[in-house]
Every structure is written in structure tokens, then in C-alpha cells.
Amino acid sequence: MNLKLQQRKFDDIKWRDSIQAGWDRCGSYEFCGECRKEEPNPCARAANRYENGYVRIAIIHRHV
């Protein structure tokens with residue numbers, strides 16, 4: 001499934017869940033910890049990172 005379609009499905013789910021809960025559910029799902037809202041299709045990308053065990057690697061430079 002492409003990211004745009006996956007995002008559309010997440011938007012529908014979030015809309016319904018938010019209406020039912022009475023508050024905006026954005027940020028309350030398991031995968032939201034991987035979210036970068038500035039990206040296109042943020043929910044789809046966050047869910048993919050969450051499901052695939054995305055690991056961010058940092059490079060540390062020592063200043064002498």
C-alpha cells in the first residue's frame with residue numbers, strides 16, 4: 001500500500017476515533033512516538049517506522 005493511501009486510511013480512523021472520544025486523538029496511538037509532523041503523510045511514515053523497528057543512528061564527533 002502506498003503512503004498516500006495509508007495516510008488517508010489513518011486520517012479516517014483518527015477522525016472517527018476523535019469524534020467518538022470527544023477529543024483530538026492525534027498523538028495518542030502507539031506509533032505516534034515515531035511521528036514527524038513536518039513530513040508528508042506523517043501517520044503512514046510513523047506507522048511504518050514503528051512496525052519495522054526503525055532505529056535512528058547518531059554520529060558523535062569528539063571536539064578536541
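Helices here are DSSP runs of H or I that span at least four residues, numbered from the N terminus, and Q7 is found in one of them, helix α1. The views that follow are drawn from a predicted model.

**View 1. Q7 of helix α1 and its surroundings.** Q7 belongs to helix α1, and because its relative accessibility is 7%, under the 20% limit, the residue counts as buried. When its neighbours within four places in sequence are left aside, Q7 is in contact with N41, P42, C43 and A44. Of these partners, N41 lies in the loop between α1 (3–21) and α2, whereas P42, C43 and A44 are among the α2 residues that α1 meets.

**View 2. The packing of α1 against α2.** The two helices pack at an angle of about 100°, and their axes are 7 Å apart. Because angles from 65 to 115 degrees count as roughly perpendicular, α1 and α2 are placed in that class. On the α1 side the contact is made by L3, Q6, Q7, F10 and K14, which meet P42, C43, A44, R45, A47 and N48 in α2. By residue type, the contact of α1 with α2 divides into six nonpolar, three polar and two charged residues.

**View 3. The largest nonpolar core.** Seven residues make up the largest nonpolar core, namely F10, Y29, F31, C32, C43, A46 and A47. Helix α2, which covers residues 42–51, gives the most to this core, with three residues. Two members of the core, C43 and A47, are also listed in the contact between the helices, as is F10 from the α1 side. Y29, another member of the core, is in contact with I13, K14 and D17 once its neighbours within four places in sequence are left aside.

**View 4. The salt bridge between K14 and D11.** Side chains of opposite charge can pair when their charged atoms come close. In this view the side chains of K14 and D11 meet in a salt bridge, with 3.8 Å from N to O. Both residues lie in helix α1, where they are three residues apart, about one turn of the helix. The two partners differ in burial, because K14, at 16% relative accessibility, counts as buried, while D11, at 35%, counts as partly exposed. K14 also takes part in the contact with α2 and touches Y29.

**View 5. The salt-bridge network around E39.** The structure holds three salt bridges, and two of them involve E39, whose side chain meets that of R36 at 3.6 Å, N to O, and that of R49 at 3.2 Å, N to O. E39 lies in the loop between α1 and α2 and R49 in helix α2, so this pair ties together parts that are 10 residues apart in sequence. Salt bridges that share partners thus join R36, E39 and R49 into one network. Within this network E39 counts as buried, at 18% relative accessibility, and R49 likewise counts as buried, at 10%, whereas R36 is partly exposed, with a relative accessible area of 23%.

**View 6. The backbone at N41.** Most residues other than glycine have a negative phi. The phi of N41, however, is near 55°, a positive value in a residue other than glycine. N41 lies in the loop between α1 and α2, and N41 is also one of the residues in contact with Q7.

Methods:
Residues numbered from 1 in each chain as written. Predicted model: local features only at pLDDT ≥ 70, side-chain atom pairs only at ≥ 80, totals over all residues. Heavy atoms only, no water. Core = buried A, V, L, I, M, F, W, Y, C linked by side-chain atoms within 4.5 Å. Buried < 20%, exposed > 50% of the residue type's maximum accessible area, 1.4 Å probe, protein only. Contact = heavy atoms within 4.5 Å. Salt bridge = Lys/Arg side-chain N within 4 Å of Asp/Glu carboxyl O. Axes fitted to C-alpha atoms, helices over the stretch in contact; angles between N-to-C directions. Parallel < 35°, antiparallel > 145°, perpendicular 65-115°, else oblique. Nonpolar A, V, L, I, M, F, W, Y, C, P; charged D, E, K, R; others polar.
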